[in-house]
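Reader: Please take one part of this model and go through it closely. I would like the cut-off behind each term stated once, and no interpretation beyond the numbers.

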Amino acid sequence: MINDYGIESLSDIKSALKDLLGDTIKEMMEVEMDDYIGSTKNEHFDDRDNYRNGYKTKKVRSEYGNLELEVPQDRNSTFNSLIVSKRSKDINDID
């Protein structure tokens, strides 16, 4: 990790943790969407009335600073992540 992120200072460590947090949250939301839709990202079923519909960028605050997340969207706009819910701007209380 030190070599991957070029860590040389405390600021570099915080930046690396911020990147890892953002990536982890995105993966968790992807799993939530898989469960919500009933299929994985690349599975397509013709008989579904709802399916994935890209991503929406969302800015949130965390203990590592501001993050910009890519939140998965569904065609019917009914998906609401339990991790980063709609209209939520602060993720400091994520356990």
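**Salt bridges and helix 2**

Author: The side chains of Arg61 and Asp90 form a salt bridge, with an N to O distance of 3.9 Å (the term requires a side-chain nitrogen of Lys or Arg within 4 Å of a carboxyl oxygen of Asp or Glu). This pair links distant parts of the chain, with Arg61 in strand 1 and Asp90 in the segment after strand 2, 29 residues apart. Helices (H or I, at least four residues) and strands (E, at least two) are DSSP runs, numbered from the N terminus.

The model is predicted, so local features need pLDDT of at least 70 and side-chain atom pairs pLDDT 80 or more, while totals for chains, interfaces and linings use all residues. Residues are numbered from 1 along each chain as its sequence is written, and side-chain values use heavy atoms, without hydrogens or water.

Neither partner of this bridge counts as buried: Arg61 is partly exposed at 43% relative accessibility, and Asp90 is partly exposed at 32%. Elsewhere, salt bridges that share partners join Glu30, Asp34 and Arg52 into one network. The limits behind these words are under 20% relative accessible area for buried, over 50% for exposed, and partly exposed in between (1.4 Å probe, protein chains only).

A search of the whole structure gives three salt bridges. In the network, Glu30 and Arg52 bring their side chains together at 2.9 Å, N to O. Glu30 belongs to helix 2 and Arg52 to strand 1, so the bridge links distant parts of the chain, 22 residues apart. Both of these charged residues are buried: Glu30 has 9% relative accessibility, and Arg52 has a relative accessible area of 17%. Arg52 also pairs with Asp34, and here the closest N and O atoms are 2.2 Å apart. Since Arg52 lies in strand 1 and Asp34 in helix 2, this second bridge ties together parts that are 18 residues apart in sequence. Asp34 differs from the two buried partners in its class, being partly exposed with a relative accessible area of 24%. As background, side chains of opposite charge can pair when their charged atoms come close.

The helix that carries Glu30 and Asp34 can be described as a whole. Helix 2 covers residues 10–37, which is 28 residues. From its first C-alpha to its last it reaches 41 Å, close to the 40 Å expected at 1.5 Å a residue (the expected span is 1.5 Å times one less than the number of residues). The buried residues of helix 2 are Ala16, Gly22, Ile25, Met29, Glu30, Glu32, Met33 and Ile37. Glu30, a member of this buried set, is the helix 2 partner in the 2.9 Å bridge.

Ile37 is in helix 2 and is buried at a relative accessible area of 8%. Its C-alpha is 8.7 Å from that of Phe79, although Ile37 and Phe79 are 42 residues apart in sequence. Just after helix 2, Gly38 takes a positive phi of about 90°.

Positive phi also turns up at residues other than glycine, including Ser77, with a value near 55°. Most residues other than glycine have a negative phi. Ser77 is found in the segment after strand 2 and is partly exposed, with a relative accessible area of 47%. Arg87, in that segment as well, has a positive phi near 70°. With 77% relative accessibility, Arg87 counts as exposed.

Helix 2 also contributes to the surface. Tyr5, Leu10, Ile13, Leu17, Leu20 and Tyr64 make up a nonpolar patch with about 480 Å² of accessible area together. Patch residues have over 30% relative accessible area and no salt bridge; like charges are joined within 9 Å and nonpolar side chains (Val, Leu, Ile, Met, Phe, Trp, Tyr) within 5 Å. Areas are from the Shrake-Rupley method with a 1.4 Å probe, and for residues only the protein chains shown count as cover. Helix 2 supplies four residues of the patch, the largest share. Tyr64, another member, sits in the loop between strand 1 (52–62) and strand 2 (65–74). Tyr64 is partly exposed, at 32% relative accessibility.
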